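Reader: Can you walk me through this one? I'd like to start with a helix and then move on to charges.

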Amino acid sequence: MTVQAPSSVVMIRPNGFHPNPETAADNRFQSLPGHTPEEVAANACAEFDGAVAQLRDQGVGVHVFQDQRDDTPDAIFPNNWFSTHPGGHVAIYPMFVPSRRRERRSDVIEMLKDEYRVQVVTDYSGLEQDGMALEGTGAMVIDHIGRIAYVARSHRADPILLERFCTNFGYEPMVFDAVDEDGAPVYHTNVIMAIGTHFAMVSLDMIENTARRHEIAERLAEPGRDVIDLTHTQIAEFAGNAIELSTPTGLLTAMSARALAALDKQQIAVIERSSRIIALDIPTIESAGGSVRCMIAGLHLAKRKSNPEKAPK
């Protein structure tokens, strides 16, 4: 595991999957699947199972939890309600719409405590009562190497709570305005930016302020990364919604088949200098407005030893 790329992840198998009408107001990536509800749910489960199998075949540790509710259509995207950080830190987040608040579950947190070295769990979810939301690593794209949290302004990233999170967890907030070709704000930062160990992908054109755009490009490149500039069209195909993972045989970049098809040969070559690519075929899941990155909650935590040695007397 590198600081940026976790070797284990949490994923939530969906139950009654469908695009969430509550989130459609500001998530312009959502679409209608074009099938019956039963077909949509079945297809999403099949895509999910296939994705888990591919990741495990590559050597990624995947903890799968089954969604047990019928009123959590976005449960398949757990990276929004919790995140983990080096040093044994876990954060639990307040969500923007009521249906997403029901996704939080204590058994996931208990598993983390049992199997990983968790020192502190910081729960911000009670701030929903004050109208505050900060939707995890959807709202924030975190550079664990540079200790920066990149955040596109939106309803899902309260500035006061962002400052509080960054102070508590030791990140520098880098906030900016990002819009699509129609001028609509980007709902989650992780649809336009992905950060790996040796490369980063971002749609610089979608960042409105020119000075901020140049600053972000410079900060992403500071650790020696190659910065891949994505077009509006590529972002619409979820090319920015990728995640780098660690495996026993090296770094792995997971993205959807749709996202990979949108990249050009030169962009792919830049990624493959340091990380092999795995393409997951998830068209039904993507109709909900999220892609591979949204499905994966990376675990930046140290594993507990199964048989810990006794400390010397």
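**Helix α5 and its rings**

Author: F165 and F169 sit four residues apart in helix α5 (residues 159-169), so about one helical turn separates them. Helices here are DSSP runs of H or I, at least four residues, and strands are runs of E, at least two, both numbered from the N terminus. This is a predicted model: local features need pLDDT of at least 70, side-chain atom pairs count only at pLDDT 80 or more, and totals for chains, interfaces and linings use all residues. Residues are numbered from 1 along each chain as its sequence is written, and side-chain values use heavy atoms, with hydrogens and water left out.

Reader: F165 and F169, buried or exposed?

Author: F165 is buried, at 0% relative accessible area. F169 is buried too, at 8%. Buried means under 20% relative accessible area, exposed over 50%, partly exposed in between (1.4 Å probe, protein chains only).

Reader: How are the rings of F165 and Y171 arranged?

Author: They are stacked, because their centres lie 5.8 Å apart and their planes are at 5 degrees. Rings of Phe, Tyr and Trp (its six-membered ring) pair if their centres lie within 6.5 Å; planes under 30 degrees apart count as stacked, over 60 as edge-to-face and the rest as tilted. F165 and Y171 are both buried.

Reader: How many aromatic pairs does that rule give?

Author: The count is five aromatic pairs. F165 and F169 make a stacked one, since their ring centres are 4.6 Å apart and their planes at 20 degrees.

Reader: Which residues form the aromatic cluster?

Author: Y93, Y124, F165, F169 and Y171 form one cluster.

Reader: What sits over the ring of Y171?

Author: The charged end of R147, 4.0 Å from the ring centre. The rule needs NZ of Lys or CZ of Arg within 6 Å of the ring centre and within 35 degrees of the ring normal.

Reader: Back to α5. Which residues are buried there?

Author: L161, L162, F165, C166 and F169. They line one face of the helix, because seen down its axis they fall within an arc of 135 degrees. That arc is taken from the directions from the helix axis to the C-beta atoms. On the other side of α5, P159, I160 and T167 are exposed.

Reader: What caps the N-terminal end of α5?

Author: D158 does, with a side-chain oxygen 3.0 Å from the backbone nitrogen of I160. Just after α5, G170 takes a positive phi of about 80 degrees.

Reader: Switching to charges. How many salt bridges are there?

Author: A search of the whole structure finds 19. A salt bridge is a side-chain nitrogen of Lys or Arg within 4 Å of a carboxyl oxygen of Asp or Glu.

Reader: Where do E110 and K113 lie?

Author: Both are in helix α3 (residues 106-115), three residues apart, about one turn. Their side chains meet in a salt bridge, 3.6 Å from N to O. E110 is partly exposed at 41%, and K113 is partly exposed at 36%.

Reader: Which residue does R258 bridge to?

Author: E237, with the closest N and O atoms 2.9 Å apart. This pair links distant parts of the chain: R258 is in helix α8 (residues 257-262), while E237 is in the loop between α7 (232-236) and β12 (243-247), 21 residues apart.

Reader: And which residues are linked in a network?

Author: R69, D71 and R102 are joined in a network of salt bridges.

Methods. A polar contact is a pair of N or O atoms within 3.5 Å; within protein, one must be able to donate a hydrogen and the other to accept it, and residues adjacent in sequence count only if both atoms are side-chain atoms.
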